[in-house]
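Me: I should like a close look at a single part of this structure, namely the disulfide and its surroundings. Please explain it in connected prose, for a first-year student.

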Amino acid sequence: QVQLVESGGGLVQAGGSLRLSCAASGRTYSSYIMGWFRQAPGKEREFVAAISRSGGNTYYADSVKGRFTISRENAVNSMYLQMNSLKPEDTATYFCAADSSHYTVPVSRSGYRYDYWGQGTQVTVSS
């Protein structure tokens, strides 16, 4: 099992930046595919970004491509989301998630594939 804790959310003006962190417990962190999802009030949860087990491959939603960067540091069981050029529509609760699928299974953008979730961190972008 793995426990996930997000941090780094806050209030920022449009055009600003934030860096989210996700700290994971457990000794097998490097075996998990990791992802970021977000949910705005009244909307469904949506995929933001994902990263392969080694960190060598990254995937982004079209809405954040070119503005957000996902990364991970397996040595310290951590994942990050650097968010630049933030827009009001980025306002949401951001969740980190871990997928424990077999190593042969590729990265998925579907939240249903992720087994473990953090409690979320709020990001608010003012116009």
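Reply: Cys-22 has a relative accessible area of 1% in this predicted model, which is under the 20% limit, so Cys-22 counts as buried. Its partner in the disulfide is Cys-96. For Cys-96 the relative accessibility is 0%, and this residue is therefore buried as well.

A disulfide is a covalent bond between the sulfur atoms of two cysteines. In the pair formed by Cys-22 and Cys-96, the sulfur atoms are 2.2 Å apart. This distance lies within the cut-off of 2.5 Å, and the count for the model comes to one disulfide. The torsion about the S-S bond of Cys-22 and Cys-96 is about 55°, and the disulfide is therefore right-handed. Cys-22 belongs to strand β3, residues 18-24, while Cys-96 belongs to strand β9, residues 92-99, so the bond ties together parts that are 74 residues apart in sequence.

The surroundings of Cys-96 may be described next. Apart from its neighbours within four places in sequence, Cys-96 is in contact with several residues, among them Leu-4, Glu-6, Gly-35, Trp-36 and Met-79. Its contacts also include Tyr-116, Trp-117 and Gly-118, as well as its disulfide partner Cys-22. As for Tyr-60, its C-alpha atom is 14 Å from that of Cys-96, and the two residues are 36 residues apart in sequence.

On the side of Cys-22, one may turn to Asn-77. Asn-77 is in contact with Cys-22, once its neighbours within four places in sequence are set aside. Under the same condition, the contacts of Asn-77 also include Ala-23, Ala-24, Ser-25, Gly-26 and Tyr-29. With Gly-26 there is a polar approach: a polar atom of the Asn-77 side chain lies 2.8 Å from the backbone oxygen of Gly-26. Asn-77 is placed in the loop between β7 (68-73) and β8 (78-83). The relative accessible area of Asn-77 is 17%, so this loop residue is classed as buried.

The loop between β7 (68-73) and β8 (78-83), where Asn-77 is found, thus provides a residue in contact with Cys-22. Cys-22 in turn is joined to Cys-96 by the disulfide, and Cys-96 is found in strand β9.

Note on methods. Residues are numbered from 1 along each chain as its sequence is written. This is a predicted model: local features need pLDDT of at least 70, side-chain atom pairs count only at pLDDT 80 or more; totals for chains, interfaces and linings use all residues. Side-chain values use heavy atoms; hydrogens and water are left out. Helices (H or I, at least four residues) and strands (E, at least two) are DSSP runs, numbered from the N terminus. Buried means under 20% relative accessible area, exposed over 50%, partly exposed in between (1.4 Å probe, protein chains only). A polar contact is a pair of N or O atoms within 3.5 Å; within protein, one must be able to donate a hydrogen and the other to accept it, and residues adjacent in sequence count only if both atoms are side-chain atoms. Contact means heavy atoms within 4.5 Å.
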